Structure formats: structure tokens, C-alpha cells
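This report describes selected local features of one protein chain. Please keep the sequence and the coordinates at hand while reading.

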Amino acid sequence: MTLFRRGHALACLGTLLVCAVVALLLGQRALGQSPAIPVENCPSVGIAPQVRGFQPGGLILTSFDRTAIWVYDIDSGRRYPLPETRPCSGNCRLSPDARSITYFNEATNAINRMRLNGTERSLVSAYASDAQWWSADQFLIWTPGHQAYLLNPASGEREPLASDGIQSVSAGARWGLRTFPMGDFFARALVDVSYSAEIPVSERPAIQLGEDRTYFNASSWSPDGSQFAFVSRVMDAGGDLAGSELYMLMPGRSSIQQVTELADSYGRARINGLSAGELSWSPDGTKIAFWVVPMGSDDPTTDLGLATIHVADLVSGAVTAYCGFSTSEHTPNPPRLRWSPDGTHLAFAGNVEGDERGYLLVALDLASGRYAELSEGIYPALGSPEVVAWGLPPG
């Protein structure tokens with residue numbers, strides 16, 4: 001099985017050096033441990049009914065109607081809308097301490113920040129499409145024109161970052177994910193964005209990641225920015241699609257390592273869906289959660305099985321399949337997975353087919369493998385039901 005795909009072979013005719021690097025890197029296995037075949041954790045099937053006193057507690061942000069971001073208080077079971085907000089998904093960013101979040105202020109058309117209960121609001125940027133936490137007091141701002149700079153809201157100090165073709169930037173580590181055309185396909189690479197802006201992104205040192213292929217290009221930075229996880233297609237010895245696998249690396253510190261061995265268990269399968277940035281890191285950066293969708297053919301959008309949550313433990317090397325709940329609502333995207341602040345549970349919006357109750361707020365206990373209902377009535381305000389964040393009340 002190899003990641004050096006037929007598409008690469010065609011594009012490599014004029015770029016032999018680059019493609020040789022791609023083949024070398026993507027052919028490597030994890031240092032010290034082999035890629036893991038999933039082990040099932042399925043003590044029961046289905047979602048347990050809602051109970052009082054669920055632990056861990058905290059505040060979950062989601063939408064129960066089309067008008068606002070809502071808070072669900074796990075400890076009290078109470079839920080309420082936050083004024084001057086509107087439903088959001090990936091562009092509402094949880095702070096490193098899990099007590100604040102960025103959001104779009106409906107009244108001022110600006111990116112603001114607030115505590116998860118809606119208090120202590122302040123301006124982050126009046127002209128931004130997204131604001132990511134770079135540190136406790138600094139943000140990475142993306143403008144509507146896709147220019148990037150670091151901002152300290154307290155002082156107003158700005159530092160421009162190279163953003164030509166850059167899709168995402170690691171917090172603190174100053175590496176960026178870049179996509180660029182190569183022959184008849186697009187390729188991916190990690191580049192150092194700390195160089196002077198006078199040096200074009202295309203001329204900087206880069207770590208080649210291979211193809212940027214729709215439905216096979218999920219990726220995400222760890223919370224501290226030191227690790228990068230990504231998905232890529234794998235091909236068998238005959239050049240046919242064998243499935244996809246999860247890989248990770250520490251830019252500047254380690255080579256690419258294969259984390260999963262899904263093809264041996266599922267044959268052809270995809271990881272997550274159309275949205276590229278949906279691999280979900282645990283708060284401490286030791287685990288990655290994702291959905292696996294079995295494929296009946298080479299087409300990642302048809303003839304599909306049920307999606308099941310998997311978690312890769314980067315410390316032990318284990319990969320666990322939590323098969324007590326699966327869903328057919330996975331295309332174009334399965335539900336977003338949000339970690340509890342202590343890293344013991346995952347929350348998502350799940351629909352039990354045929355029960356006519358709509359979308360439930362569900363929590364998965366990673367230790368026991370059991371699924372539990374926290375609330376009902378999640379509303380697909382943006383076309384699909386979303387859990388925005390799981391955090392803590394003001395300290």
C-alpha cells in the first residue's frame with residue numbers, strides 16, 4: 001500500500017525532486033510504534049436517556065433556534081440564548097482556558113469575545129472574517145480579503161504574516177498550511193510563515209504533504225500549534241484506491257508518522273467529510289477524534305456505510321472505535337465533535353433515525369464507550385446541527 005498516487009506520477013514529470021520528497025515522507029511509519037488497527041469499545045448500543053448530575057459539567061454552546069447562540073448549562077439543565085449573537089460553527093473559537101469564545105456581534109458587525117455565559121464582552125476586531133486565539137492575549141486575524149496578521153487587542157499592535165495560499169496557521173509555532181496547483185491537481189505543504197514578507201511563500205522551506213483531494217484532506221493543528229494532523233488517500237499496489245489514513249507530524253521536530261491502519265479493518269473508507277479543518281484535538285493535544293465512513297466504491301459521496309466515531313491516542317498509539325452509535329448523516333459532513341474541557345468526553349448533535357425527536361445533544365464517555373443524552377431540540381440553524389463549544393463558566 002502506498003501514498004504515492006497515480007495523480008502524483010503524472011504531475012511529477014516536471015517536478016521530480018518535489019515528488020520524491022512527497023513519496024519519501026508519506027511512506028514513513030510512526031517512529032517506535034506501528035499504525036494502529038481500530039479496537040472497538042461498544043458496551044451498549046444507542047443513546048442513554050437524559051439524567052441529572054451528568055459529569056463533567058460546564059457550559060455547551062449550540063443553537064436551539066435560528067436566532068442566536070444558546071448556552072446549555074449541564075449542571076442545572078437550563079438553557080438560554082445570548083443576545084447580540086447569531087448561530088455560528090467553526091468561526092467561533094474557544095479560548096485556551098475554555099472560559100471565553102470569539103463570536104460575531106450582530107449589532108456591530110465585528111468580531112468580539114465573551115465569557116461562555118455571555119458576560120465580559122469586548123471588541124477583538126472590527127474588520128475580520130475570523131479571529132483565532134494565538135495566546136491568552138493575542139489573536140490571529142483573517143481579514144475578509146484573506147490577509148493574516150497577529151493582533152494584541154489591548155495595545156492594538158499588529159504583526160503581518162505571509163498568507164499567499166495559506167489556509168491555516170499554527171498557534172505560536174508560525175507554520176502554515178498552504179495549498180497550491182501542481183499539474184492537474186492541488187497539493188499541500190507546510191511552510192514557515194515567520195520569514196520576511198519580502199520572501200514569497202513559494203520560495204520558503206516546506207514540508208510536502210501530497211495531494212489536496214476533496215473528502216480526503218481533513219487536517220488540524222494541535223491546540224498549542226506544535227503538531228499537525230492530516231488525512232490522505234492510500235492506494236494499493238495496483239494503483240487502486242485502498243482508503244484513507246490519518247497522519248501527524250511535529251514541523252521542524254519530527255517526520256510524518258502514520259497513525260491509523262483503517263484499510264485492514266474497513267477496506268475503502270474516508271475520514272470525516274467535505275470540510276477540511278475538522279479533525280478534533282483533545283485540549284491537551286494527546287488525542288484526535290474523527291468519524292470513519294466506510295465506502296462501497298471509489299466515490300466518497302455515494303454507496304456509503306454508517307459513520308462511527310474513532311479516537312486516536314498519540315501517547316499509547318491505540319485507535320478506538322466507539323460503535324454504540326453510528327449515523328447516516330455524514331455527507332457532505334458528519335457532526336462536529338467537541339471535547340469536554342477535561343478531555344474525557346465528546347459532545348455532538350446526533351439524530352436517532354426513526355424516533356421523531358429531532359437532534360439531540362449527545363455526550364460520549366471515552367472511558368466507558370457509552371453515549372448519553374444531555375438535551376433535545378438542537379436546531380440546524382446553518383443547515384446542519386452544530387455544537388459550537390464545550391467550556392467552563394467564568395472562574
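The sections below go through strand pairing, backbone geometry, disulfides and cavities in what is a predicted model.

## A four-stranded open sheet

Strands β9, β10, β11 and β12 follow one another in that order in an open sheet of 4 strands, and their pairing is antiparallel. The edges of this sheet are formed by β9, spanning 130-135, and β12, spanning 158-161, each of which pairs on one side only. From one strand to the next, the twist averages 25 degrees.

At the β12 edge, the antiparallel contact with β11, which covers residues 148-151, is made through 4 bridges, and within this contact Y149 has P160 of β12 as its bridge partner. The loop that leads from β10 (138-142) to β11 contains H146, a residue that has a positive phi of about 65 degrees although it is not a glycine. With a relative accessibility of 34%, H146 counts as partly exposed, because the partly exposed class lies between the limits of 20% and 50%.

## Strand β23 and its partners

Strand β23, made up of residues 287-294, is mostly covered, since 6 of its 8 residues are buried. One of its antiparallel partners is β21 (residues 269-271), with 3 bridges between the two strands, and here I271 stands opposite V292 of β23.

A further antiparallel pairing, of 2 bridges, links β23 to β22 (residues 280-281), and in this pairing S280 has A289 as its bridge partner. The strands β22 and β23 form a hairpin with 5 residues between them, and in this hairpin G285 takes a positive phi near 75 degrees. Strand β24, residues 307-313, is also antiparallel to β23 and is joined to it over 6 bridges; I288 is matched there with A312 of β24.

## Cis peptides and a buried positive phi

Two peptide bonds that precede proline deserve attention when the backbone is inspected. The bond from Q55 to P56 is cis, with omega near 5 degrees, and P56 is placed in the loop between β2 (47-48) and β3 (59-62). The bond from T331 to P332 is likewise cis, with omega near 15 degrees, and P332 belongs to the loop that runs between β25 (319-327) and β26 (338-339).

Is A98, another loop residue with a notable backbone angle, buried or exposed? A98 is found between β5 (79-81) and β6 (100-105), and its phi is near 65 degrees, a positive value in a residue other than glycine. The relative accessible area of A98 is 9%, so the residue is buried, given that the buried class takes in values under 20%.

## Two disulfides

The structure holds 2 disulfides. One of them joins C42 to C323, with an S to S distance of 1.5 Å, and because the torsion about this S-S bond is about 60 degrees, the disulfide of C42 and C323 is right-handed. C42 is in the loop between β1 (39-40) and β2, whereas C323 is in strand β25, so this pair ties together parts that are 281 residues apart in sequence. Both ends are partly exposed: C42 has a relative accessibility of 32%, and C323 has a relative accessible area of 24%.

In the link between C88 and C92, the sulfur atoms are 1.8 Å apart. This link is left-handed, with -125 degrees about the S-S bond, and C88 and C92 are each buried.

## Internal cavities

How many cavities of 30 Å³ or more does a search of the whole structure find? The search finds 3, and the largest cavity has a volume of about 80 Å³. Its lining consists of Q50, V51, R52, G53, F54, Y72, I74, G77, E373 and L374, and these lining residues divide into 5 nonpolar, 3 polar and 2 charged.

The second largest cavity encloses about 50 Å³ of space. Among the residues that line this second cavity are S63, P87, C88, Y379, P380 and A381, and C88 is also a partner in the disulfide with C92. The rest of this lining includes L382, S384, E386 and V388. By class, the lining of the second largest cavity has 7 nonpolar, 2 polar and 1 charged residues.

Notes: Residues numbered from 1 in each chain as written. Predicted model: local features only at pLDDT ≥ 70, side-chain atom pairs only at ≥ 80, totals over all residues. Heavy atoms only, no water. Pairing = 2+ DSSP bridges. Axes fitted to C-alpha atoms, helices over the stretch in contact; angles between N-to-C directions. Buried < 20%, exposed > 50% of the residue type's maximum accessible area, 1.4 Å probe, protein only. 1 Å grid on protein atoms, 1.4 Å probe; cavity = no way out; pocket = protein on both sides within 12 Å on 5 of 7 lines; lining within 4 Å. Points joined across faces, edges and corners; volume = space filled by probe spheres on them. Nonpolar A, V, L, I, M, F, W, Y, C, P; charged D, E, K, R; others polar. Disulfide = S-S within 2.5 Å.
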